[in-house]
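Here are a few friendly notes to read with the model open beside you. Take them one at a time and find each residue as you go.

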Amino acid sequence: MAVRAVRGAVQLERDEAGHMDEQVGELLTAVLERNGLTQDDLISIWFTATPDLHSDFPAAAARKLGIVDVPLICAQELDIKGAMPRVVRVLAHIETDLPRSAVAHVYLGAAGALRKDIAQ
């Protein structure tokens with residue numbers, strides 16, 4: 001087993017806790033499914049949110065999915081003029097047999113424009 005990192009992001013339509021839970025939950029589910037992972041394969045997850053998101057912690061969505069024994073942390077994304085608004089990003093450290101080139105990074109919806117080079 002190797003330790004790998006998988007990236008992802010989603011743009012929220014609005015800053016509401018329930019919407020954040022739904023969208024971040026969808027993002028985490030897609031990261032797990034597209035990489036053939038279970039929650040036991042997760043080592044840790046970093047979440048960042050753009051400064052315009054205030055309704056909840058993105059990590060709360062992970063806890064609601066049942067990811068309760070994995071270290072999670074939230075941070076604020078840099079406030080860069082012209083950056084895409086209402087974005088939650090994830091950086092998950094995982095244990096996997098996948099080679100680095102086969103890790104599927106997940107950018108949902110409009111967030112796909114953030115990393116066209118690695119978005120699946």
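1. Start with Glu13 and Arg14, which form a salt bridge in this predicted model. The closest N and O atoms of Glu13 and Arg14 are 3.5 Å apart, which falls inside the 4 Å limit for a salt bridge.

2. Now look at the other partner of Arg14. The side chain of Glu16 meets that of Arg14 in a salt bridge as well, at 3.0 Å from N to O. Glu13, Arg14 and Glu16 are thus linked in a network of salt bridges.

3. How exposed are the members of this network? Glu13 has a relative accessibility of 62% and counts as exposed. Arg14, with a relative accessible area of 36%, is partly exposed, and Glu16 is partly exposed too, at 41%.

4. Next, find the salt bridge between Glu77 and Arg89, where the closest N and O atoms are 3.6 Å apart. Glu77 sits in the loop between β3 (72–76) and β4 (87–96), while Arg89 belongs to strand β4, so this pair ties together parts that are 12 residues apart in sequence.

5. Buried or exposed: which word fits Arg89? Arg89 counts as buried, because its relative accessibility is 17% and the cut-off for buried is under 20%. Its partner Glu77 is partly exposed, with a relative accessible area of 24%.

6. For the overall tally, a search of the whole structure finds four salt bridges.

7. Finally, turn to Gly36, in the loop between α1 (17–34) and β2 (42–49). Gly36 is exposed, with a relative accessible area of 62%. The C-alpha atoms of Gly36 and Leu98 are separated by 9.3 Å, and these residues are 62 residues apart along the chain.

Notes: Residues numbered from 1 in each chain as written. Predicted model: local features only at pLDDT ≥ 70, side-chain atom pairs only at ≥ 80, totals over all residues. Heavy atoms only, no water. Helix = DSSP H or I, 4+ residues; strand = E, 2+ residues; numbered from the N terminus. Buried < 20%, exposed > 50% of the residue type's maximum accessible area, 1.4 Å probe, protein only.
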